[in-house]
Amino acid sequence: MAHPGRPEPRRLRTDPTANPEDMPAMLAIRDLDHLVLRVRDLERMLGFYCGVLGCTVERRRDDIGLVQLRAGRAMLDLVPVDGPLGRAGGAAPGAEGRNLDHFCFRVEPFDEAAIRAHLKAQGVEAGPAEMRFGAEGEGPSIYVTDPEGNVVELKGPANGRV
């Protein structure tokens, strides 16, 4: 997807036989910084991410069509498809055109019973808790779906038990 004001990404060539010591240092990625979701119904999405998952509004830029939510140490940006930024991104997300498989929020503490009770009280159906691999290693997680069909993984600590 083209982004106004940003250059098109370049494809980099890598040589799998190259000596790592002869290569420049790689970027050191620490955490998820932010994720941008293009949304059809901003108020419904705010209700889900703030009311159900506990995010808070960090900043609003209604002039460009951007609401930035605090999600722990990361940010989740919601961009309405009918706003200035959203229109630049093309067609709205839907069943035939998702622009994301899923994303994962690390949850602390990961109390499965409490998480399920909270989600149920909010009318949100949760998938089974399973052990899945993530940034910290193998740990329990639960998948939920937001009001516009984006899959959100709620992940516990590595080596946690289901």
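This dialogue walks through the features of a predicted model, one at a time.

Q: What kind of model is this, and how are residues numbered?
A: This is a predicted model, where local features need pLDDT of at least 70, side-chain atom pairs count only at pLDDT 80 or more, and totals for chains, interfaces and linings use all residues. Residues are numbered from 1 along each chain as its sequence is written, and side-chain values use heavy atoms, with hydrogens and water left out.

Q: In what order do the four strands of the open sheet lie?
A: Start with the general idea. Strands of a sheet pair through backbone hydrogen bonds, either parallel or antiparallel. Strands here are DSSP runs of E with at least two residues, helices are runs of H or I with at least four, and both are numbered from the N terminus. Two strands count as paired if DSSP finds at least two bridges between them. In this structure the order is β1-β4-β3-β2, and the pairing is mixed. The edge strands, β1 (34–39) and β2 (56–61), each pair on one side only. From one strand to the next, the twist averages 20°.

Q: How many bridges join β2 to β3, and in which sense do these strands run, parallel or antiparallel?
A: Five bridges join them, and the two strands run antiparallel. β3 covers residues 66–71. Take one pair: Thr 56 has Arg 70 in β3 as its bridge partner.

Q: Which helix lies across β1, β2, β3 and β4?
A: Helix α1, residues 42–52, lies across these strands, with β4 spanning 74–80. α1 runs at about 150° to β2. Such angles run from 0 to 180 degrees between N-to-C directions, with axes fitted to C-alpha atoms, for helices over the stretch in contact. Just after α1, Gly 54 takes a positive phi of about 85°.

Q: Which residues of α1 are buried?
A: Buried means under 20% relative accessible area, exposed means over 50%, and partly exposed lies in between (1.4 Å probe, protein chains only). In α1 the buried residues are Leu 42, Met 45, Leu 46, Phe 48, Tyr 49 and Val 52.

Q: Which way do the side chains of β5 point?
A: In a regular strand the side chains alternate between the two faces of the sheet. β5 (residues 102–106) shows the alternation. Phe 103 and Phe 105 point to one face and are buried. His 102, Cys 104 and Arg 106 point to the other face and are not buried. β5 also pairs with β8 (residues 151–155), in the parallel sense, over five bridges. There, Arg 106 has Lys 155 of β8 as its bridge partner.

Q: How many residues does the largest nonpolar core have?
A: In soluble globular proteins, nonpolar side chains tend to be buried together. A nonpolar core is a set of buried Ala, Val, Leu, Ile, Met, Phe, Trp, Tyr and Cys residues joined through side-chain atoms within 4.5 Å. The largest one here has 27 residues. Those with the most contacts inside it include Leu 37, Tyr 49, Phe 103 and Val 144. Elements that each supply at least two residues include β1, α3 (112–121) and β7 (137–145). α1 gives the most, with six residues.

Q: Where does Gly 86 lie, and is this residue buried or exposed?
A: Gly 86 lies in helix α2 (residues 84–88). Gly 86 is buried because its relative accessible area is 0%. Contact means heavy atoms within 4.5 Å. Leaving aside neighbours within four places in sequence, Gly 86 is in contact with Arg 38, Val 79, Pro 80 and Val 81.

Q: How many salt bridges does the structure hold?
A: A salt bridge is a side-chain nitrogen of Lys or Arg within 4 Å of a carboxyl oxygen of Asp or Glu. The structure holds seven. In one of them, the side chains of Glu 58 and Arg 70 meet at 3.3 Å, N to O. This pair links distant parts of the chain, as Glu 58 is in β2 and Arg 70 in β3, twelve residues apart. Another joins Arg 106 to Glu 108, with the closest N and O atoms 2.8 Å apart. Arg 106, Glu 108 and Glu 136 are linked in a network of salt bridges.

Q: How many disulfides does a search of the whole structure find?
A: A disulfide is a covalent bond between the sulfur atoms of two cysteines. The cut-off here is a pair of cysteine sulfur atoms within 2.5 Å. The search finds zero. For Cys 50, the nearest cysteine sulfur is that of Cys 55, 6.1 Å away.
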